[in-house]
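This report concerns one helix and one internal cavity of a predicted model. The sequence and structure are shown below.

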Amino acid sequence: MLLAYPFRVLVPRRAAPEVAVSTAVALLVLAGAAELVPAPVVIALSGGAGATLAGVRLSRLAGHRSTDPSWRTAAVLLDAAVVAAGCVAAALPLVDAGHRAAALLGSLTVAVLSVAGLRRLPVRSPRAARLRGLVEATGPTVGLTLAGWLLLPPDTLPAPARLVAALALGVLGMAALHTFTGSSRRSGDAICRGGALLTLVGLALLTVLPPAPTGRAALLAAPPLVLGMLLTALGARSALATASAQPVTGPPAVTWPRVVLPASVLLLAAGLNVGSGRTPDRTSVLLALAAVPPLVLRELLRAGDAGAGGRPAAHRRRPDRTVRQHRAAQPPWPGTTEGASTHDLSPDATPWSSEPGATAGVDGAWLSDGGAAAMNGGAAATSGVDAAWPDVGVAWSTSDHRSGSAGDRAALLDALAAIGDVPAPTGALLLVELHGVDGLGPVAREDVLAEAVRRARAVVGPDDLVTGCTGTGFAVVTPAGPVLAYALGTRLLTALTPPYQPAGSVLRVQASIGLAEVGGAGPADVLRQAELARRRAVQLGRDRVEWYDAFLEEQLVRRLDLERELPGAVARGELDLVYQPVLDLTDRQPVGAEALLRWRSPVLGTVLPAELLPVAEDLDLVGEFEWWVLDRACRQLADWSAGPRELWMAINVTTRELTIPDFVQRTAAVLAAYGVSPERLVVEVAEPQIGADLSTVVARLAGLRSLGVRTALDDFRAEHASLAQLRRLPIDLLKVGPELVGAQPVGQPPLIDVVVSVGERLGVEIVAEELESPAQVEGARRAGCRYGQGFALVRPATAERVEAYFEEFPSASR
């Protein structure tokens with residue numbers, strides 16, 4: 001009674017039986033997995049409960065007076081199908097001999113009844129879309145078949161039966177997944193079809209898995225079997241209830257589960273197969289190869305769609321019509337009359353297209369004002385384009401009216417929405433930004449952008465849309481698939497990077513292109529995704545095409561948060577140091593510690609140097625941070641010097657700070673301020689950062705050693721050039737990573753032996769860092785490394801904890 005009230009509140013009365021049966025089945029399966037209830041009993045009770053409830057629902061539907069007589073047959077056939085499935089599930093565990101033959105016969109009976117019933121339902125989802133979706137699902141289906149082949153027990157099934165069972169599971173599983181993620185997934189016939197497929201999946205598992213008394217694997221059949229029965233009844237009721245209603249456009253297809261779920265199942269199956277020590281057989285290799293042709297066929301179909309406008313004939317002209325209607329609704333430009341062309345305002349304007357009808361222009365940006373400012377560095381957009389498909393034409397305008405910005409963006413969103421309206425949408429948006437035109441005057445910038453658009457239109461397809469121009473870029477909407485869209489982006493890069501000649505001068509520009517797929521997301525989301533991908537292309541060095549993905553968005557959002565919060569961190573007291581002790585590998589006595597920077601942000605939490613320093617470099621904050629580290633490290637070293645221990649402290653500096661003219665003098669001043677002996681400080685510089693500054697770095701390191709400060713080369717790579725460069729560097733310590741300590745190919749000595757030998761000849765001590773296992777520690781010690789640090793020895797900790805650790809070694813002194 002205590003649970004009755006919340007159950008009535010949370011669960012609708014009409015769905016209460018389904019929820020109760022599902023809960024009971026879940027509890028039964030858990031009890032069977034824990035061996036509290038025999039597996040045959042679990043399967044029999046689950047199948048009987050699901051078949052009883054679904055059968056009652058379908059029987060009432062068939063006998064209801066409001067049901068059309070022509071559709072009662074569908075309800076009767078589906079009712080017979082779920083009852084047959086329940087009988088098979090209840091009786092199969094009791095059959096001792098002929099287990100698989102009985103299961104196969106029952107499954108075929110259920111399949112025939114289900115197909116006959118589904119064919120008599122009022123179908124409301126387009127058949128063409130279903131066929132196209134099944135073509136695109138062939139590759140993942142082969143992947144699921146391969147997963148089934150790997151997972152099915154080879155010792156209980158002969159190879160032909162195992163292959164047939166794997167193929168059946170792959171086809172049924174992918175068909176159910178396609179049904180539940182398609183654009184018509186909310187229609188009653190789709191739900192009913194998916195339920196029938198899940199029922200057959202459950203029966204197929206009962207057929208191929210070992211009989212229930214010999215193990216618990218057969219319990220895997222219970223959830224899809226019961227869920228399939230209930231969805232069959234639910235979908236049939238919905239399909240018959242809405243049969244006379246007008247069709248409505250369903251939500252966009254959800255494409256990611258069709259790719260992610262089969263791939264995840266295949267990876268899991270492959271991992272289990274490898275973990276069990278089984279090697280791939282010939283069938284596994286052939287199935288893996290069979291997945292390639294369907295993927296090629298899918299891209300060929302998408303290429304054909306791109307050549308035919310990228311959409312069925314019923315939808316092919318929609319973007320054209322949308323843009324025409326949008327242009328007709330635009331108010332006249334200031335200073336013109338209704339119907340006047342903006343080209344009349346600027347006789348010197350350069351047309352983007354010589355096609356007939358290239359008249360009206362729309363000025364502004366494809367982003368909101370904030371987004372346009374971000375792309376243009378805050379400058380107002382001074383260029384305008386007309387958003388239209390090729391037969392409408394595009395004209396250049398030198399008018400500088402911001403009033404058209406929203407209209408132009410709306411045209412771009414309309415074009416994206418038109419692509420997304422089709423049942424199986426394919427297409428992409430490419431946002432192009434040109435770098436190097438901000439410093440030009442308005443006229444020169446317009447000339448460069450006009451030439452860039454001419455080049456773009458020379459490489460895009462006849463059904464691609466060039467639109468949405470800003471002061472530094474434009475957008476391209478293509479109905480092509482993702483692979484062809486990426487190829488279009490690379491062609492755009494090739495076409496846009498040759499020099500321009502504005503006003504008789506020569507200008508070289510760079511281009512950054514962000515690409516986002518159309519499908520599953522709304523137009524505004526696609527636009528945002530493409531903008532994020534474009535920003536990523538800028539961050540990675542420009543002259544590249546970047547593809548949007550969810551991880552990319554997380555990275556960019558995180559980067560923006562870091563850039564917003566990092567300035568002022570020193571003044572707010574948010575920086576902190578932790579210290580990792582360095583030990584002598586011969587006696588495990590501490591000899592020093594390395595100071596490691598941490599940013600304790602109240603908003604972002606603790607940020608490590610690997611994430612912190614790249615942002616600090618872009619914001620020109622590295623110098624401020626490194627001098628803070630030097631000051632804080634020397635102050636801590638002075639506190640530790642008050643005791644009996646003579647330990648050294650290592651700090652990291654970049655070559656940028658090391659090469660400033662007064663670095664040595666400023667370091668000496670900090671040491672003197674805290675009364676720290678120079679030989680107690682170790683200044684580390686990373687070997688990969690030295691590069692072209694080698695001579696200056698040598699001079700600064702020599703200056704530090706003249707003070708008595710010890711120097712170290714970090715991240716040494718043991719390459720030929722590095723070994724030759726090592727002879728020129730005035731260093732006392734050489735830090736190497738664990739990759740040099742590991743085993744080398746047969747016949748080659750460990751690299752660490754070579755490094756130690758060179759160090760001995762040069763009088764340089766070797767420090768093995770990032771040691772994370774006892775084997776690495778022992779390998780470094782045997783190779784002759786004098787010092788070591790890493791998690792396998794001591795983890796980084798606060799100053800108080802490290803000091804307490806040092807107290808355990810009262811004689812530590814180096």
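Which residue just after H11 takes a positive phi? Gly 277 does, with a phi of about 85°.

## Basis of the model

The model is predicted: local features need pLDDT of at least 70, side-chain atom pairs count only at pLDDT 80 or more, and totals for chains, interfaces and linings use all residues. Residues are numbered from 1 along each chain as its sequence is written, and side-chain values use heavy atoms, with hydrogens and water left out.

## Helix H11

Helix H11 (a DSSP run of H or I, at least four residues, numbered from the N terminus) comprises 20 residues, 256-275. From first C-alpha to last, H11 reaches 28 Å, close to the 28 Å expected at 1.5 Å a residue, where the expected span is 1.5 Å times one less than the number of residues.

Pro 257, Arg 258, Pro 262, Ala 269 and Asn 273 are buried in H11 (under 20% relative accessible area, 1.4 Å probe, protein chains only; exposed means over 50%). They cover an arc of only 120° around the axis, which puts them on the same side of H11. On the other side of H11, the exposed residues include Trp 256, Leu 267 and Val 274.

## The second largest cavity

The structure holds two cavities of 30 Å³ or more; a cavity is a set of points on a 1 Å grid over the protein atoms alone where a 1.4 Å probe fits but cannot get out. The second largest has a volume of about 30 Å³, the space filled by probe spheres set on the points.

Helix H4 (69-91), helix H5 (99-119) and helix H9 (188-208) each give two or more residues to its lining. H4 supplies the largest share, three residues. Among the lining residues, which have an atom within 4 Å of a point, are Leu 78, Val 110 and Thr 232.

Key: The arc is that of the directions from the helix axis to the C-beta atoms. On a 1 Å grid over the protein atoms alone, a cavity is a set of points where a 1.4 Å probe fits but cannot get out, and a pocket is an open set with protein on both sides within 12 Å along at least five of seven lines; lining residues have an atom within 4 Å of a point.
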